[in-house]
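Me: Could you take a close look at one part of this model for me? I'd like the annotated active-site position and what sits around it.

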Amino acid sequence: MSTGFCIPPYELKQSDTAQFAKDLFAESFRDINRLLTVFENGQIETRHFAKGMDWFQEDHTFEEKNNAFIESAIELGIKAVENCLTNSAYLSDNIPYEEIDTIFYISTSGLATPSIEARIMNELPFSPHTKRIPIWGLGCAGGASGVSRAHEYCLAFPKAKVLVLSIELCSLTFQRNDRSKSNLIGTSLFADGVAAALIAGDEADISASQLDTLPSTLHTQSTLMPDSKDVMGWDIRNNGLYVIFSKDIPTIIDSWLGNQVQTFLASHGLTTQDLRHFVVHPGGKKVLEAYLSTLSLESSMIDHSLHVLKHHGNMSSATVLYVLDRFMKEKIPSGEYGVLTALGPGFSSELVLLQWRE
Ligand SMILES: CC(C)(COP(=O)(O)OP(=O)(O)OC[C@H]1O[C@@H](n2cnc3c(N)ncnc32)[C@H](O)[C@@H]1OP(=O)(O)O)[C@@H](O)C(=O)NCCC(=O)NCCSC(=O)/C=C/c1ccc(O)cc1
């Protein structure tokens with residue numbers, strides 16, 4: 001396994017984005033100062049964006065926003081792929097582009113056909129026979145789903161080297177004229193992130209990592225909650241993508257997820273007591289608290305997720321790969337188990353059982 005990232009170029013402090021939101025939303029909410037406390041309460045300090053503050057001060061058409069997405073996605077995606085295939089923390093030799101069998105491209109924040117991985121293949125020397133599997137629409141769950149689908153691909157083709165490339169430029173969907181509370185909360189949470197992960201089959205010819213152990217993917221579980229399409233998603237209108245996300249998500253996690261994780265672990269002879277590591281997408285502070293409470297986990301198990309939330313915000317599908325990278329850098333004894341998980345529109349969850357191995 002390897003990872004690579006490209007941090008988008010414009011770093012903004014939470015205090016700057018709070019001021020921006022105050023200017024924008026002041027007319028819409030009489031109690032704006034009370035609502036602005038969400039910017040401080042969310043445990044986010046900095047976020048990174050593809051465009052600077054000036055860009056968000058102006059209205060943009062759907063066409064302009066989506067064109068900006070395509071341009072930045074290619075530029076940042078290329079760097080994340082390069083960093084992943086040459087990451088000396090995990091690889092003793094660089095992986096040549098032409099050895100990548102398949103790219104799973106994950107996104108829900110911009111549209112492109114041909115999809116972004118094809119455009120990146122025009123810029124980097126991949127084999128023209130590389131299989132392209134673009135996955136659009138899984139939202140925050142997409143990074144975990146990408147790891148799951150890559151795992152299954154490697155079971156079918158054990159010699160395969162697979163790239164999961166997640167590109168989310170959530171800020172480029174920003175709707176200045178949507179003065180809903182969801183949009184205000186979203187403006188405090190969402191950020192841009194670009195991450196790549198290399199997943200290799202058991203028989204792949206890959207130069208050994210310099211680390212003692214790395215996580216292996218063992219099993220996966222995808223779950224759709226029936227009749228829950230209004231929990232999260234996009235309302236697609238002439239001006240672009242308008243965010244839908246329910247304020248009940250933390251409560252839904254509390255009542256729905258615990259059982260699922262327990263059943264998943266039990267089907268592999270494990271319980272939550274066996275779980276040492278929890279590689280969880282930090283959807284928001286209250287989302288992380290809900291995970292702790294429903295699974296009775298020790299609070300230290302979300303430290304890496306909180307770190308990513310603090311320094312990068314919620315970068316939708318890319319976020320869980322940032323969290324995974326922090327776990328991969330830790331010295332974790334061989335044999336220990338973990339779960340990688342994220343939730344997204346559907347409403348759905350993705351679970352991956354991990355075991356650290358030499
Ligand atoms: C740290 C937060 C953000 C703030 O906490 P707080 O400061 O204690 O504030 P409250 O939770 O009390 O919320 C303040 C107000 O906002 C309201 N609110 C609170 N979430 C909501 C709400 N989703 N709707 C609409 N009103 C709300 C809440 O009801 C309350 O209103 P009021 O009754 O007038 O006091 C906390 O609410 C929190 O962690 N929430 C969980 C966030 C969450 O669900 N994350 C997972 C979903 S991620 C997701 O769906 C992704 C979407 C997405 C979006 C854009 C993209 O570009 C890409 C992706």
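**Around the annotated site**

Reply: Let's warm up with a strand pair, keeping in mind that this is a predicted model. Strands 2 (residues 10-13) and 3 run antiparallel to each other, paired over 4 bridges. Across that pairing, Glu11 faces His48 of strand 3. Strand 3 covers residues 46-49, with Thr46 and His48 pointing one way and Arg47 and Phe49 the other. That fits the usual pattern, in which side chains of a regular strand alternate between the two faces of the sheet. Thr46, Arg47, His48 and Phe49 are all buried.

Now to your spot. The unreviewed UniProt entry lists Cys140 for "active site". Where does Cys140 lie? In the loop between strand 5 (131-136) and helix 7. Its relative accessible area is 11%, under the 20% cut-off, so Cys140 counts as buried. Setting aside neighbours within four places in sequence, Cys140 is in contact with His281, Asn314, Ser316 and Ser317, plus Ala342, Leu343, Gly344 and Pro345.

Follow the chain on from that loop and you get to helix 7, residues 142-156. Its 15 residues should span 21 Å at 1.5 Å a residue, and the end C-alpha atoms are 21 Å apart, so the two agree. Helix 7 is largely enclosed by the rest of the structure, because 11 of its 15 residues are buried. Among the buried ones are Gly142, Gly143, Ala144 and Ser145, and further along His151, Tyr153 and Cys154.

Notes
Residues are numbered from 1 along each chain as its sequence is written. This is a predicted model: local features need pLDDT of at least 70, side-chain atom pairs count only at pLDDT 80 or more; totals for chains, interfaces and linings use all residues. Side-chain values use heavy atoms; hydrogens and water are left out. Buried means under 20% relative accessible area, exposed over 50%, partly exposed in between (1.4 Å probe, protein chains only). Helices (H or I, at least four residues) and strands (E, at least two) are DSSP runs, numbered from the N terminus. Two strands pair if DSSP finds at least two bridges between them. The expected span of a helix is 1.5 Å times one less than its number of residues. UniProt positions are given in the numbering used here, feature names are shortened, and annotations may be inferred rather than shown by experiment. Contact means heavy atoms within 4.5 Å.
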